[in-house]
Structures are given as C-alpha cells and as structure tokens.
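Subject: Structure handover, with notes

Dear colleague,

Please find below the structure I promised to pass on to you. My notes follow it, with the criteria stated wherever a term first appears.

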Amino acid sequence: MKPVGTWDTVATTPNGDMASVLVIKQVDGALKAEMELDGAPRTITDEKLEGDVFRMRLQYEGGVYDVEVKIAGDSLEGTWQGGGYSGTLKAKRRL
C-alpha cells in the first residue's frame, strides 16, 4: 500500500473535529509528508511506512504529536497522541 497522495483528514480532538490536508510525497525513495492545519503548514518528521501502517510526528502549537494510521485503499484510519491528549484520525484520498 502506498500512502502517496493528497488526503483530506479529520481528527477528533477534545475541542471537536479538526480538519486538515495531508500531502504525502515520495522524495529520493523516502516518504515526505506535509500538512496544513488551521490554515498554516505544520512541520512533520520521522515518516515511516511499515507494511500498511504509516507513522509520522507532527509539530503543533509547541508540542509533538505521534500519528499512526493504517492504509486501506483510498482511506486512512488511526490515532494521534501527544501533549497529554489523544484521539482518532480518518482520511480520504483525493482522486
């Protein structure tokens, strides 16, 4: 399963659902993710794909959040955690 593409994501958070756009590219054989959240680009590091599970670390408002999602065709589903909080994350790939 390749996570490469543009994904419309929704995370459940203590403050309600938070929508964002996740773009995953393949650069020099490695995966590189970019995310726009609350109208601003966010720094993502440690992108890893193991089987159909994609992991990354997202920097947001001074904290670092661990994200882990399972790829199933054109959808992603998983969890995020950081800063003492956690929630779910779902996404659909733009076609």
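I begin with the strand at the start of the chain: E1 and E9 pair in the antiparallel sense through five bridges, where pairing requires that DSSP find at least two bridges between two strands, and where strands (E, at least two residues) and helices (H or I, at least four) are DSSP runs numbered from the N terminus. Please bear in mind that this is a predicted model, in which local features need pLDDT of at least 70 and side-chain atom pairs count only at pLDDT 80 or more, whereas totals for chains, interfaces and linings use all residues. Residues are numbered from 1 along each chain as its sequence is written, and side-chain values use heavy atoms, with hydrogens and water left out.

Within the E1–E9 pairing, Asp8 has Lys92 of E9 as its bridge partner, and on the E2 side Asp8 stands opposite Val21. E1 and E2 run antiparallel and are joined by nine bridges, forming a hairpin with two residues between the strands. The side chains of E1 alternate: Gly5, Trp7, Thr9, Ala11 and Thr13 point to one face and are buried, while Thr6, Asp8, Val10 and Thr12 point to the other and are not; here buried means under 20% relative accessible area, exposed over 50%, and partly exposed in between, with a 1.4 Å probe and protein chains only. This fits the general pattern, since in a regular strand the side chains alternate between the two faces of the sheet.

In the loop between E1 and E2 lies Pro14, which has a relative accessible area of 56% and is therefore exposed. The C-alpha atoms of Pro14 and Tyr85 are separated by 7.8 Å, although these residues are 71 apart along the chain.

As for the overall picture, the protein has zero helices and nine strands. Its radius of gyration is 12 Å, close to the 12 Å that the globule rule gives for 95 residues, so the protein is as compact as a globular protein of that length; the radius is taken over C-alpha atoms, and the rule is 2.2 Å times the number of residues to the power 0.38. The C-alpha trace spans about 35 × 25 × 25 Å along its principal axes, and 35% of the 95 residues count as buried.

Further along the chain, E6 and E7 run antiparallel with eight bridges between them, one of the partnerships being that of Gln59 with Val64 in E7. These two strands form a hairpin with two residues between them, and Glu61 in the turn has a positive phi of about 50 degrees. E7 in turn pairs with E8 in the antiparallel sense over seven bridges, with Val69 opposite Gly78 in E8. The hairpin of E7 and E8 also has two residues between its strands, and there Gly73 takes a positive phi near 65 degrees. Strand E6 also holds Met56, which counts as buried because its relative accessibility is 3%.

Which residues lie nearest the centre of the largest pocket? They are Thr13, Met18, Tyr60, Tyr65 and Trp80, out of 19 lining residues. A pocket, on a 1 Å grid over the protein atoms alone, is an open set of points where a 1.4 Å probe fits, with protein on both sides within 12 Å along at least five of seven lines, and lining residues have an atom within 4 Å of a point. About 370 Å³ of space lies in this pocket, the volume being the space filled by probe spheres set on the points. E1 gives the largest share of the lining, four residues.

Tyr60, Tyr65 and Trp80 also form one aromatic cluster. The ring centres of Tyr65 and Trp80 are 5.8 Å apart and their planes stand at 65 degrees, so this pair is edge-to-face; rings of Phe, Tyr and Trp (its six-membered ring) pair if their centres lie within 6.5 Å, with planes under 30 degrees apart counted as stacked, over 60 as edge-to-face and the rest as tilted. Tyr65 counts as buried at 16% relative accessibility, and Trp80 is buried as well, with a relative accessible area of 11%.

Best regards
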